[in-house]
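Colleague: Could you walk me through how to read a model like this one? I am used to gels and assays rather than coordinates.

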Amino acid sequence: DEVALSRRYFPSGAAWGDPDETKQSTEQSEVLDLSGPAACPTPSCSIAVESAGFDDGNACSFTVDSTVVYTCPTSARGFNLLVLDADDCSTVDQQRFDTWNNAAASAAMQEYVEGLAPGALVLVAVKDATSTAAQPELTAELRSAMADAFGTQELANLGWRESYAAILVKDCPPPLDEERKARYAGPANTNFGPTMTEWRWQASN
């Protein structure tokens, strides 16, 4: 079946909620092909990711099936990544890349993302900031690598001390959910549930 929905997807016939008007994204109508290739798994659990930049709470967390599985410590500035097994939602890997004033960390994150296996379920939450105000450390190469690997859109415009959360599957765009919030606009929150008609599968070229 194909279902026409906005870019941030909601369950058919259910009121998941209206898109946040303060989101830094442009909603657009798309047609979802829900069959999907075999390499693109549908997570078996419900997932919530919260990100708060320095001026909006300075925190981040990952929740699986209503249980907080990781709360970012004080030192977790930058990008926090949690890789899950899509079948049972157990934690496969956890990484942090402090790209603030550190272009080498952007290069390391790019290498890590490019090395992930197709179908890897990746949760992303930013804490504090990912760059200085001038933003030279959050490289164009990393932004491009994330777009190529996951189909991210909001990351391309992520600015200083902004909040960013995403639920992604490697080589299976678009994101299951992705949100960026401007500085002072509050935390970014993303959600996924296994019964939600979320996907628009795209062929990877």
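**Reading burial, pairs and packing**

Modeller: Let's start with one residue: Glu 154 is buried, at 5% relative accessible area. Buried means under 20% relative accessible area, exposed means over 50%, and partly exposed covers what lies in between, with a 1.4 Å probe and protein chains only. Please keep in mind that this is a predicted model, where local features need pLDDT of at least 70 and side-chain atom pairs count only at pLDDT 80 or more, while totals for chains, interfaces and linings use all residues. Residues are numbered from 1 along each chain as its sequence is written, and side-chain values use heavy atoms, leaving out hydrogens and water.

Colleague: Which residue forms a salt bridge with Glu 154?

Modeller: The general idea is that side chains of opposite charge can pair when their charged atoms come close. The rule used here asks for a side-chain nitrogen of Lys or Arg within 4 Å of a carboxyl oxygen of Asp or Glu. For Glu 154 the partner is Arg 180, with the closest N and O atoms 3.4 Å apart. Glu 154 sits in the loop between H2 and S9 and Arg 180 in strand S10, so the pair ties together parts 26 residues apart in sequence. Arg 180 also counts as buried, at 7% relative accessibility. Elsewhere, Asp 55, Arg 161 and Arg 183 are joined into one network by salt bridges that share partners.

Colleague: What are the N to O distances in that network, for Asp 55 with Arg 161 and for Asp 55 with Arg 183?

Modeller: Asp 55 and Arg 161 meet at 3.5 Å, N to O. This pair links distant parts of the chain, 106 residues apart: Asp 55 is in the loop between S3 and S4, and Arg 161 in the loop between helix H2 (140–150) and strand S9 (163–169). For Asp 55 and Arg 183, the closest N and O atoms are 2.6 Å apart. Arg 183 belongs to the loop between strand S10 (177–181) and S11, so this pair ties together parts 128 residues apart in sequence. As for burial, Arg 161 counts as buried at 19%, whereas Asp 55 is partly exposed at 27% and Arg 183 is partly exposed at 26%.

Colleague: You keep using labels such as S3 and H2. How many helices and strands does the chain have?

Modeller: There are 2 helices and 11 strands. They are DSSP runs numbered from the N terminus: H or I of at least four residues for helices, E of at least two for strands. In order from the N terminus, the elements run β-β-β-β-β-β-β-α-β-α-β-β-β.

Colleague: Which strands pair with S3?

Modeller: Two strands pair if DSSP finds at least two bridges between them. S3 runs antiparallel to strand S4 (residues 59–64), with 6 bridges, and antiparallel to strand S11 (residues 188–192), with 5 bridges. With strand S8 (residues 121–128) S3 pairs in the parallel sense, over 2 bridges. Try clicking on Ile 47: its bridge partner is Val 64 in S4 and Phe 192 in S11. At Gly 53, look across to Asp 128 in S8. Asp 128 has a positive phi of about 70 degrees although it is not a glycine.

Colleague: Why is S3 described as largely enclosed by the rest of the structure?

Modeller: Because 5 of the 7 residues of S3 (residues 47–53) are buried.

Colleague: And how many residues does the largest nonpolar core have?

Modeller: A nonpolar core is a set of buried Ala, Val, Leu, Ile, Met, Phe, Trp, Tyr and Cys residues joined through side-chain atoms within 4.5 Å. The largest has 24 residues, and those with the most contacts inside it include Ile 47, Val 49 and Ile 167. S3, S4, strand S6 (78–84), S8, S9 and S11 each give two or more residues to this core. Apart from it lies another core of 22 residues, among them Phe 79 and Leu 142.

Colleague: One last oddity: what kind of peptide bond joins Pro 173 and Pro 174?

Modeller: A cis peptide bond, with omega about 0 degrees. Pro 174 is in the loop between S9 and S10. That loop also holds Asp 171, a non-glycine residue with a positive phi of about 65 degrees.
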